[in-house]
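Thank you all for coming; I would like to take a few minutes to walk through one model with you, and I will go element by element. Please have a look at it first.

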Amino acid sequence: QVQLVESGGGLVQAGGSLRLSCKASYSVYAMGWFRQAPGKEREFVVAIDYNGDYTNYGDSVKGRFTISRDNANNAVYLQMNSLRPEDTAVYYCAASHRSARMAEGDIAYWGQGTQVTVSL
């Protein structure tokens with residue numbers, strides 16, 4: 001069983017930046033992030049494969065968010081720039097043994113989530 005532990009959430013003003021981290025207890029092929037805002041469904045944000053050769057970004061974050069990973073530490077990072085109030089959500093780390101496309105059936109593990117709040 002792989003455990004995922006997120007960190008780095010917080011409160012930031014619109015236009016600001018935050019960096020989220022997720023550390024896995026074991027190496028996993030693909031890692032990524034989803035988010036869920038109050039009253040909304042969980043939304044795919046971004047994912048990356050093991051070597052970093054393939055990244056998959058949701059349309060709402062392209063050009064603003066960047067994913068990277070450090071395989072020596074079984075970690076993935078999400079650099080979030082130009083944050084908007086609509087980015088406010090709980091951000092969940094996810095991991096898959098199968099695919100960085102992170103379809104519903106691909107995800108094997110979830111983190112507990114970290115809150116990101118963007119104020120005006």
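In which order do the four strands of the open sheet follow one another, and is their pairing parallel or antiparallel? Before I answer, please keep in mind that what we are looking at is a predicted model. The order in this open sheet is β1-β3-β8-β7, and the pairing is antiparallel. The edges are taken by β1, residues 4–7, and by β7, residues 65–70, and since each of these has a single partner strand, one side of each is left without a neighbour in the sheet. From one strand to the next, the twist averages 15°.

Let me stay with the β1 edge for a moment. Strand β1 and strand β3, the latter covering residues 18–24, run antiparallel and are joined by four bridges. If you would like a residue to find your place by, take Ser7, whose bridge partner in β3 is Ser21.

Strand β3 also brings us to the disulfide. The count for this model comes to one disulfide, and it joins Cys22 to Cys93, with an S to S distance of 2.0 Å. The angle about the S-S bond is -85°, and the link of Cys22 and Cys93 is left-handed. Because Cys22 lies in strand β3 and Cys93 in strand β9, residues 89–96, the pair ties together parts that are 71 residues apart in sequence. As for their surroundings, Cys22 and Cys93 are both buried.

Cys22 turns up again when we look at Asn74, a residue in the loop between β7 and β8, where β8 covers residues 75–80. Is Asn74 buried or exposed? Its relative accessibility is 18%, and therefore Asn74 counts as buried. If we leave aside the neighbours within four places in sequence, Asn74 is in contact with Cys22, Lys23, Ala24, Ser25, Tyr26, Ser27 and Met31.

Now to the aromatic residues, where a search of the whole structure finds two pairs. One of them is formed by Phe34 and Phe44, with 5.4 Å centre to centre and 75° between the planes, an edge-to-face arrangement. Since Phe34 lies in strand β4, residues 30–36, and Phe44 in strand β5, residues 43–48, this pair ties together parts that are 10 residues apart in sequence. Phe34 and Phe44 are both buried.

How, then, are the rings of Phe34 and Trp110 placed relative to one another? Their centres are 5.1 Å apart and their planes stand at 65°, so this pair is edge-to-face. Here the link is between distant parts of the chain, with Phe34 in strand β4 and Trp110 in strand β10, residues 109–110, and the two positions 76 residues apart. Phe34 has a relative accessibility of 8%, which is why it counts as buried, whereas Trp110, at 31%, counts as partly exposed. Taken together, Phe34, Phe44 and Trp110 form one aromatic cluster.

My last stop is Arg42, and the question I would put to you is over which ring its charged end sits at 3.9 Å from the centre. That ring is the one of Trp110, which we have just met as a member of the aromatic cluster. The charged end of Arg42 also sits over the ring of Tyr92, in that case 5.0 Å from its centre.

With that, I am happy to go back to any of these places in the model.

Notes. Residues are numbered from 1 along each chain as its sequence is written. This is a predicted model: local features need pLDDT of at least 70, side-chain atom pairs count only at pLDDT 80 or more; totals for chains, interfaces and linings use all residues. Side-chain values use heavy atoms; hydrogens and water are left out. Two strands pair if DSSP finds at least two bridges between them. Axes are lines fitted to C-alpha atoms, for helices over the stretch in contact, and angles run from 0 to 180 degrees between N-to-C directions. Rings of Phe, Tyr and Trp (its six-membered ring) pair if their centres lie within 6.5 Å; planes under 30 degrees apart count as stacked, over 60 as edge-to-face and the rest as tilted. Buried means under 20% relative accessible area, exposed over 50%, partly exposed in between (1.4 Å probe, protein chains only). A charge sits over a ring if NZ of Lys or CZ of Arg is within 6 Å of the ring centre and within 35 degrees of the ring normal. A disulfide is a pair of cysteine sulfur atoms within 2.5 Å. Contact means heavy atoms within 4.5 Å.
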